[in-house]
Amino acid sequence: MKRICVYGKGGIGKSTTVCNLAAAMAQAGKRVAVVGCDPKADSTRCLMGRRIPTVLDQLKTGVPGEIAFTDSRGIRCIEAGGPEPGTGCAGRGIIVAMEEIRTRNLLEDRDVVLYDVLGDVVCGGFSMPLREQVAEEVYLVTTSDFMSLYAANNICRGIRKYAQSSGVRLAGVIQNGRSIVDNDNLLWAFAAELGTKVVGKIPMSSLIGQAELERRTVTEYAPESEPAQAFFTLASILLEHSGGCIPMPMTDDQLEILCQKAVLL
């Protein structure tokens, strides 16, 4: 089983990336599962075409209910869920959800499992997939603007902490071209400083947003489009890739200098 975690700054496009990669991998004949590790519970919305009951919601009822749902492509969709904003710890909810998933053996028959992880680096929910070693390969989704790179670099500090005592590795950077600040050279330089590389780029396109409004992936909504083809290519790369590195995050000052040089070029 190939187990992949997708990390990145909040709102950077992790869920969009995960949904489209899952759809592309399923089209390639893989048995795929997506596990949403975010209290927002919207990781699988564009696969299922709706919001599905979360693991925590089902457990709260006291009556064991369905927590895994299958979309039309055969993708198994699970949302961990969590507390309402400002009312509890996301990490605790994700831990309980993962234990329930293991107890029910919901992922054992999958070829690929994609974990869509919340972007808050100080939250226990962020570290849980790394701490519990539910995945071996970590990909960072980021644009090339400074604050996104700052968050990605900070996430690498967390990855490094757990990679030193486990098999978790940073497998690469996924460039999201949605920002008006789009600098390929900066992204490649940033990845090189971490000890990894950019594995693919998703171009900015209004088609992605249009597809999401219809609760669909762009690979389904416009399969011949440039962004859809980018997701198909990226899915193939991730399926073939193995291994990775223990990242070497920069200091904040080093990152600022890197970004300043890119602006001057």
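Here are some worked exercises on the predicted model shown above.

**Exercise 1. The sheet**

Work out the order of the strands in the open sheet, and find which strands stand at the edges.

*Solution.* Start by listing the strands across the sheet. There are 8 strands, in the order β3-β4-β2-β5-β1-β6-β7-β8, and the pairing is mixed. Next, look at the two ends of that order. β3 and β8 (198–203) each have a single partner strand, so one side of each is left without a neighbour in the sheet.

**Exercise 2. Strand β4 and its partners**

Describe how strand β4 pairs with β2 and with β3, then say which way its side chains point.

*Solution.* Take the β2 side to begin with. Strand β2 (residues 32–37) runs parallel to β4, and the pair is joined over 4 bridges. On this side, E79 in β4 has G36 opposite.

Now turn to β3. Strand β3 (residues 69–70) pairs with β4 in the antiparallel sense over 2 bridges, and F69 has C77 as its bridge partner in β4. These two strands form a hairpin with 5 residues between them, where G74 takes a positive phi near 90°.

The last step concerns the side chains. In a regular strand, side chains alternate between the two faces of the sheet. Strand β4 (residues 76–79) shows R76 and I78 pointing one way and C77 and E79 the other way. All four of these residues are buried.

**Exercise 3. Helices on the sheet**

Find the pairing of β6 with β7, then identify the strands touched by α7 and those that α1 lies across.

*Solution.* Begin with the strands. Strand β6 (residues 137–142) and strand β7 (residues 169–177) are parallel partners over 6 bridges. One of the bridges links T142 with Q175 in β7. Helix α7 (residues 184–194) packs on the sheet and touches β6, β7 and β8. The direction of α7 makes about 170° with that of β7.

Then move to α1. This helix lies across β1 (2–7), β2, β5 (112–117), β6 and β7, and α1 runs at about 170° to β5.

**Exercise 4. Two helices in contact**

Classify the crossing of α1 and α10 from its angle, and describe the residues that meet there.

*Solution.* Look at the geometry before the residues. The axes of helix α1 (residues 14–27) and helix α10 (residues 226–240) come within 8 Å and cross at roughly 75°. Angles from 65 to 115 degrees count as roughly perpendicular, and α1 and α10 are therefore roughly perpendicular to each other.

As for the residues, α1 contributes T16, T17, N20, L21, A24, M25 and Q27, which meet F231, F232, L234, A235, L238 and L239 in α10. Sorted by type, the residues of this contact are 9 nonpolar, 4 polar and no charged.

**Exercise 5. The nonpolar cores**

Find the two residues that touch the most other members of the largest nonpolar core, and name the helix that gives the most to this core.

*Solution.* The largest nonpolar core holds 47 residues, and Y115 and L140 touch the most other members. Helix α6 (residues 146–163) gives the most to this core, with 6 residues. Another core, of 38 residues, lies apart from the largest one and has I75, A211, A230 and L238 among its members.

Now zoom in on Y115. Leaving out residues up to four places away in sequence, Y115 touches I4, C5, V6, V35, C37, M98, L107, V134 and A135.

**Exercise 6. Positive phi outside glycine**

Compare the settings of A41 and R215: is each residue buried, partly exposed or exposed?

*Solution.* Most residues other than glycine have a negative phi. A41 has a positive phi of about 55°, and R215 has one of about 60°. A41 sits in the loop between β2 and α2 (45–48), while R215 is in the loop between α8 (206–213) and α9 (218–221).

Finish with accessibility, where under 20% means buried and over 50% means exposed. With a relative accessible area of 9%, A41 is buried. R215, at 40%, is partly exposed.

**Exercise 7. Distant in sequence**

Find what Y150 touches beyond four places away in sequence, and give its accessibility class.

*Solution.* Y150 lies in helix α6 and is partly exposed, at 31% relative accessibility. Y150 touches D252 and L255. Y150 and D252 are 102 residues apart in sequence, yet their C-alpha atoms are 7.6 Å apart.

How values were computed:
Residues numbered from 1 in each chain as written. Predicted model: local features only at pLDDT ≥ 70, side-chain atom pairs only at ≥ 80, totals over all residues. Heavy atoms only, no water. Axes fitted to C-alpha atoms, helices over the stretch in contact; angles between N-to-C directions. Parallel < 35°, antiparallel > 145°, perpendicular 65-115°, else oblique. Contact = heavy atoms within 4.5 Å. Nonpolar A, V, L, I, M, F, W, Y, C, P; charged D, E, K, R; others polar. Buried < 20%, exposed > 50% of the residue type's maximum accessible area, 1.4 Å probe, protein only. Pairing = 2+ DSSP bridges. Core = buried A, V, L, I, M, F, W, Y, C linked by side-chain atoms within 4.5 Å.
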